[in-house]
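Student: Could you take me through one part of this model slowly? I would like to see how a single strand fits into its sheet.

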Amino acid sequence: MEHGSSYQHYEDRFKKPLMPLDLVLKLVPIFEPRGVEAAELFALAGVDGSHRPLLGPTRSEASAATLRIQELDVRAGAGSGLTDAGNRAVAEWQIPSEMIRSYTTAPAAELRIITVLGDSMEPTLMPGQRALVDTGDRRPSPPGIFVVWDGLGLVVKRVQLLPHTDPPRVKITSDNQAYEPYERSLDEAYIQGRVIGQWRWL
């Protein structure tokens, strides 16, 4: 095109190497249900796709005294993930914003509360105990406690990314030594989110 065209004007003065992060945040809920990983979209804004960007709460959350977080009955999911419609919400918790924001910047819409089933994570997590899960953090780097799909249901396990594996593989372990550790490819682990909090009666 000749100099002076509107396109040339855009190329010379307005074209940016990266997309604005606030625009990417609006695109994630549109593209992610259609199979586009959030990490790919965040990369368009120059954010490392392997880690959640340190985002502040939304404007409505910032002014709210409490955050509303759904508690899900994971037993009713029949193979659904924590963000799928197949899981039935059994309650909605209202938690003081300062309590959550002192630890995580995850949007409230990506947080879920579940009940721990079974004894595989004793003594760290006890059967019947509630756990807070960040469904937007699904990459086990750094390692931690995650909700994974084991082929029969959603379970809570420790997940560690094994170095120098291609394709990437993870080691899945229980805190209860009665359960044997095992390995899966990262894709086969079906990680649903990172456990970031727990409620326990004394």
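Tutor: Happy to; what follows is a walk around strand 3 and the sheet that holds it. Keep in mind that this is a predicted model.

Let's begin with the strand itself. Strand 3 covers residues 111-115, and 4 of its 5 residues are buried, so by the cut-off of under 20% relative accessible area this strand counts as mostly covered.

Now look to either side. With strand 1 (residues 66-73), strand 3 pairs in the parallel sense, over 2 bridges. Here Glu71 is the residue that stands opposite Ile113 of strand 3. With strand 4 (residues 130-134) the pairing is antiparallel and runs over 5 bridges. On that side, Thr115 has Arg130 of strand 4 as its bridge partner. As a general point, strands of a sheet pair through backbone hydrogen bonds, in either a parallel or an antiparallel way.

Stepping back, we can place these strands in the whole sheet. It is an open sheet of 9 strands with mixed pairing, and the order reads 2-1-3-4-9-5-6-7-8. The edges belong to strand 2 (88-96) and strand 8 (182-185); each has a single partner strand, so one side of each is left without a neighbour in the sheet. Between neighbouring strands of this sheet the turn averages 40 degrees, with direction ignored.

Two side-chain details round off the tour. The charged end of Lys157 sits over the ring of Tyr179, at 5.2 Å from the ring centre. The structure also holds 1 aromatic pair.

Conventions: Residues are numbered from 1 along each chain as its sequence is written. This is a predicted model: local features need pLDDT of at least 70, side-chain atom pairs count only at pLDDT 80 or more; totals for chains, interfaces and linings use all residues. Side-chain values use heavy atoms; hydrogens and water are left out. Two strands pair if DSSP finds at least two bridges between them. Axes are lines fitted to C-alpha atoms, for helices over the stretch in contact, and angles run from 0 to 180 degrees between N-to-C directions. Rings of Phe, Tyr and Trp (its six-membered ring) pair if their centres lie within 6.5 Å; planes under 30 degrees apart count as stacked, over 60 as edge-to-face and the rest as tilted. A charge sits over a ring if NZ of Lys or CZ of Arg is within 6 Å of the ring centre and within 35 degrees of the ring normal. Buried means under 20% relative accessible area, exposed over 50%, partly exposed in between (1.4 Å probe, protein chains only).
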